[in-house]
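Reader: I would like a close look at a single part of this model. Please keep it brisk, and tie that part to what surrounds it.

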Amino acid sequence: MMETTVGWHIELEFEEDTHRTRAAAMVRLSDGEVRAHGYASRHPADAEQPRVGEEIAGARALNELAMKLLTKAHDEIDEASGRTSYPLT
């Protein structure tokens, strides 16, 4: 049986105007915070759908957050091992 020893809570905040949505993502780790951003733009001919803008901007922020976490882990592996490892994907 697996035991949960840690949990992460990712915060997402959105700022919107009539044509653009900005998302900010942040996760707190034991050694600091990792932050990322994502954006979505609405074409003037498209109908206003704020939820869609949030989904796109949020997904882009989470994608950037994931890449930053992979890079952080890769750097920590290199530091601990004293050698260059293969990039994590």
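Which residue follows α1, and what is the sign of its phi? Please take α1 as the part to examine, and go on from there.

Author: This is a predicted model. G82 comes right after α1, and its phi is positive, near 75°.

Start with the helix itself. α1 covers residues 50–81. Its length can be checked. At 1.5 Å a residue, its 32 residues should span 46 Å. The end C-alpha atoms of α1 are 46 Å apart, so expectation and model agree.

Next, the buried side. The buried residues of α1 are G53, A57, G58, A61, L65, L69, H74 and D78. H74 and D78 are on that list along with L65 and L69. What do these residues pack against? Their partners are the strands β1 (10–16), β2 and β3.

One strand residue shows this packing in detail. T21 sits in β2. T21 has a relative accessible area of 6%, so it is buried; the cut-off is under 20%. Setting aside neighbours within four places in sequence, T21 contacts G53, E54 and A57 among others. G53 and A57 are themselves buried residues of α1. The contacts of T21 also include F14, E15 and E16. G38, Y39 and A40 are in contact with T21 as well.

Now the charged pairs along the helix. Side chains of opposite charge can pair when their charged atoms come close. The structure holds seven salt bridges. One of them joins R51 to E55, with the closest N and O atoms 3.0 Å apart. R51 and E55 are four residues apart in α1, so about one helical turn separates them. R51 is exposed, at 56% relative accessible area. E55 is partly exposed, at 45%.

A second pair has the spacing of about one turn. K72 and E76 both lie in α1, four residues apart. Their salt bridge brings the closest N and O atoms to 2.4 Å. K72 is partly exposed, with a relative accessible area of 24%. E76 is partly exposed too, at 40%.

Salt bridges with shared partners also build a network, which joins E11, R28, E33 and R35. Within it, the side chains of R35 and E33 meet at 2.8 Å, N to O. R35 counts as partly exposed, at 48% relative accessibility. E33 is partly exposed as well, at 43%.

Last, the pocket. The largest pocket holds about 280 Å³ of space. It is lined by 18 residues, and the closest to its centre are R42, A47, Q49, P50 and G53. G53 thus appears three times in this account: it is buried in α1, it touches T21, and it lies among the residues closest to the pocket centre. Which element gives the largest share of the lining? α1 does, with four residues. β2 (20–29) and β3 (32–41) each supply at least two residues of that lining, as does α1. By class, the lining has five nonpolar, seven polar and six charged residues.

To put the part together: α1 packs its buried residues on β1, β2 and β3. It carries the R51 and E55 salt bridge and the K72 and E76 salt bridge. It also helps to line the largest pocket. G82 follows its end.

How values were computed
Residues numbered from 1 in each chain as written. Predicted model: local features only at pLDDT ≥ 70, side-chain atom pairs only at ≥ 80, totals over all residues. Heavy atoms only, no water. 1 Å grid on protein atoms, 1.4 Å probe; cavity = no way out; pocket = protein on both sides within 12 Å on 5 of 7 lines; lining within 4 Å. Points joined across faces, edges and corners; volume = space filled by probe spheres on them. Nonpolar A, V, L, I, M, F, W, Y, C, P; charged D, E, K, R; others polar. Expected span 1.5 Å × (residues − 1). Buried < 20%, exposed > 50% of the residue type's maximum accessible area, 1.4 Å probe, protein only. Contact = heavy atoms within 4.5 Å. Salt bridge = Lys/Arg side-chain N within 4 Å of Asp/Glu carboxyl O.
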